[in-house]
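This briefing describes the fold of a single protein chain for a reader at the bench. It starts with the overall build and ends with individual residues.

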Amino acid sequence: MELGLVGLGRMGGNMRERLRRAGHTVVGYAHDREVSDVGSLKELVQTLAAPRVVWLMVPAGEATQSTIDELADLLSPGDIVVDGGNSRWTDDERHAAELGARGVGFLDCGVSGGVWGLESGYALMYGGDAELVERVQPIFDALKPEGEFGAVHAGRVGAGHFAKMVHNGIEYAMMQAFAEGWELLESVDAVTDVREVFRSWREGSVVRSWLLDLAVRALDDDEHLERLRGVAADSGEGRWTVEAAVDHGVPLPAITASLFARFSSRQEDSPQMKMVAALRGQFGGHAVESR
């Protein structure tokens, strides 16, 4: 299958490579000419044979909106745009309507997998009409992990990004729990090897998980996380999750507390946030602040 991919950063670049390994033709566009296959969105559209599928991996908000606005003038009826960035789910219906008025289909797709997705595959949560999903299915199948699980048609337009938003909210709370447990273990003189306690949980424990594996990896690199500052940014999805909970009257005490812990990390060098920062660096390649 042929695909246009806009945005070739940490995830987009690896997605292009994974799709090519699966035998798909990918034409990538980025502002960085060193990694871009074409010089402009117009050239990308002209290179693809109709009906086209163009997948966006650009930052949420204005960057996504301006890209969709430009594509709306370039694409033809029957083409499809897939927004695979971390857009707010409430924007998806507007984007679908804007493109739909031109006869262009729209799917939203939450993507998780970070810097590990190239080899392990990406968890995909997509929303939109089943007919459009069917047309893009070969791309979804190539990006997802091997096996039965890892991808889901979550519902109508907006469902994919909503599911990814909740996924990231849960991620916030899980990282916070590991961080708090790690700080408490570090504070007790009786526990002489916190790193090995974490490592021991990787087998047989009910808290074993990929995040735990990444925590051990971070501790192997810096046993007491002394080289990190206890600062962890929030990328938007956590606060959107809390806002959606308020709108729907759903109590989210753990996720809400983890969001506010991120805010507190900006006020002091929090030991817990060292672990959260380490985990974000491990699974997503997010920037960390060193001492």
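The points below cover the chain as a whole, its sheet, the helices that pack around it, and a few residues of note.

The model is predicted. The chain has 12 helices and 7 strands, and the strands form an open sheet with mixed pairing. Helix 7 (residues 159-186) lies across four of those strands, namely strand 4, strand 5, strand 6 and strand 7, and also packs against helix 10 and helix 11.

**Overall build**

- The radius of gyration of the chain is 20 Å, close to the 19 Å that the globule rule gives for 291 residues, so the chain is as compact as a globular protein of that length.
- Along its principal axes, the C-alpha trace spans about 65 × 40 × 35 Å.
- Of the 291 residues, 48% are buried.
- Among contacts with a separation of 6 or more, 69% are between residues 24 or more positions apart.

**The sheet**

- Strands of a sheet pair through backbone hydrogen bonds, either parallel or antiparallel.
- Here the strand order is 2-1-3-4-5-6-7.
- Strand 2 (25-29) and strand 7 (151-155) are the edge strands, each pairing on one side only.
- Direction ignored, neighbouring strands are turned by 25° against each other on average.
- Strand 1 (2-6) runs parallel to strand 2, and 5 bridges join the two.
- Val-6 has Tyr-29 in strand 2 as its bridge partner.
- Strand 5 (residues 105-112) and strand 6 (residues 123-127) run antiparallel, also joined by 5 bridges.
- In strand 6, Gly-127 is the bridge partner of Asp-108.
- Is strand 2 enclosed or open, given how many of its residues are buried? In strand 2, 4 of the 5 residues are buried, so this strand is largely enclosed by the rest of the structure.

**Helices against the sheet**

- Helix 6 (residues 130-143) lies across strand 1, strand 3 (53-56), strand 4 (80-83), strand 5, strand 6 and strand 7.
- The direction of helix 6 is at about 30° to strand 5.
- Helix 7 runs at about 15° to strand 5.

**Helix 7 with helix 10**

- Helix 7 packs against helix 10 (residues 237-248) at an angle of about 105°, and their axes are 8 Å apart.
- That angle makes the two helices roughly perpendicular.
- On the helix 7 side, the residues in contact are Phe-162, Lys-164, Met-165, Val-166, Asn-168, Gly-169 and Tyr-172.
- On the helix 10 side, they are Glu-237, Gly-238, Trp-240, Thr-241 and Ala-244.
- By class, this contact has 6 nonpolar, 4 polar and 2 charged residues.

**Helix 7 with helix 11**

- Helix 7 and helix 11 (residues 253-264) pack at about 70°, with their axes 8 Å apart.
- Helix 7 and helix 11 are therefore roughly perpendicular to each other.
- Helix 7 contributes Gly-169, Ile-170, Tyr-172, Ala-173, Met-175 and Gln-176 to this contact.
- Helix 11 contributes Ala-254, Ile-255, Ser-258, Leu-259, Ala-261 and Arg-262.
- The residues of this contact divide into 8 nonpolar, 3 polar and 1 charged.
- Gly-169 and Tyr-172 of helix 7 appear in the contact with helix 10 and again in the contact with helix 11.

**Backbone geometry**

- Most residues other than glycine have a negative phi, and most peptide bonds are trans.
- The peptide bond from Ala-50 to Pro-51 is cis, with omega near -5°.
- Pro-51 sits in the loop between helix 2 (41-47) and strand 3.
- Leu-225 has a positive phi, near 55°, and is not a glycine.
- Leu-225 belongs to the loop between helix 9 (210-221) and helix 10.
- Is Leu-225 buried or exposed? Its relative accessible area is 1%, so Leu-225 is buried.

**Thr-64**

- Thr-64 is part of helix 3 (residues 62-74).
- With a relative accessibility of 1%, Thr-64 counts as buried.
- Which residues does Thr-64 contact, leaving aside its neighbours within four places in sequence? They are Val-58, Pro-59, Asp-83, Ser-87 and His-95.
- Thr-64 and Val-246 are 182 residues apart along the chain, and their C-alpha atoms are separated by 26 Å.

Technical notes: Residues are numbered from 1 along each chain as its sequence is written. This is a predicted model: local features need pLDDT of at least 70, side-chain atom pairs count only at pLDDT 80 or more; totals for chains, interfaces and linings use all residues. Side-chain values use heavy atoms; hydrogens and water are left out. Two strands pair if DSSP finds at least two bridges between them. Helices (H or I, at least four residues) and strands (E, at least two) are DSSP runs, numbered from the N terminus. Axes are lines fitted to C-alpha atoms, for helices over the stretch in contact, and angles run from 0 to 180 degrees between N-to-C directions. Contact means heavy atoms within 4.5 Å. Angles under 35 degrees count as roughly parallel, over 145 as roughly antiparallel, 65 to 115 as roughly perpendicular and the rest as oblique. Ala, Val, Leu, Ile, Met, Phe, Trp, Tyr, Cys and Pro count as nonpolar, Asp, Glu, Lys and Arg as charged, and the others, Gly among them, as polar. The radius of gyration is taken over C-alpha atoms; the globule rule is 2.2 Å times the number of residues to the power 0.38. Buried means under 20% relative accessible area, exposed over 50%, partly exposed in between (1.4 Å probe, protein chains only).
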